[in-house]
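Visitor: Could you take me through one part of this model in close detail, please? I would like to see how its residues sit and what surrounds them.

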Amino acid sequence: MSKAASVAIAPSATLFRRFMAALDQLLRANAQTAIRNGDLPYFGL
């Protein structure tokens, strides 16, 4: 008889994932503003 081990799966909306999504949204908004002003978007933090 084999024994099965269960692994707890982290929730899909972890704090780190929410932080990364907010950072991504901020960088996208910054790039869109730069494009609208005729500048090249700044890639980086």
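Guide: Let's begin with Met 20, which has a relative accessibility of 37% and therefore counts as partly exposed, since that class runs between 20% and 50%. Keep in mind that this is a predicted model. Met 20 belongs to helix H1, made up of residues 15-36. On the surface, Met 20 joins Phe 16 and Phe 19 in a nonpolar patch, and the three together have about 350 Å² of accessible area.

Further along the helix there is a charged pair to look at. Arg 28 makes a salt bridge with Asp 24, and their closest N and O atoms are 3.0 Å apart. Why does this spacing suit a helix? An α-helix has 3.6 residues a turn, so residues three or four places apart point the same way. Arg 28 and Asp 24 are 4 residues apart in H1, which means that about one helical turn separates them. The two partners fall into separate accessibility classes: Arg 28, at 55% relative accessibility, counts as exposed because it is over the 50% cut-off, while Asp 24 has a relative accessible area of 38% and is partly exposed. A search of the whole structure finds 1 salt bridge.

Now step back to the helix as a whole. The protein chain has 1 helix and 0 strands. H1 has 22 residues, and at 1.5 Å a residue they should span 32 Å; the end C-alpha atoms are indeed 32 Å apart, so expectation and model agree. H1 is hardly covered, with a count of 1 buried residue among its 22. For the protein chain, buried residues make up 4% of the 45 residues. Its accessible surface comes to about 4,700 Å², and carbon and sulfur atoms account for 63% of that.

What comes after the helix is worth a look too. Gly 38 follows H1 and has a positive phi, near 90°. Tyr 42 also lies in the segment after H1. In sequence, Tyr 42 and Leu 27 are 15 residues apart, and from C-alpha to C-alpha they are 8.8 Å apart in space. Tyr 42 has a relative accessibility of 60%, so it counts as exposed.

Note on methods. Residues numbered from 1 in each chain as written. Predicted model: local features only at pLDDT ≥ 70, side-chain atom pairs only at ≥ 80, totals over all residues. Heavy atoms only, no water. Patch = residues over 30% accessible without salt bridge, like charges linked within 9 Å, V, L, I, M, F, W, Y side chains within 5 Å. Areas by Shrake-Rupley, 256 points an atom, 1.4 Å probe, with all protein chains shown as cover. Salt bridge = Lys/Arg side-chain N within 4 Å of Asp/Glu carboxyl O. Helix = DSSP H or I, 4+ residues; strand = E, 2+ residues; numbered from the N terminus. Buried < 20%, exposed > 50% of the residue type's maximum accessible area, 1.4 Å probe, protein only. Expected span 1.5 Å × (residues − 1).
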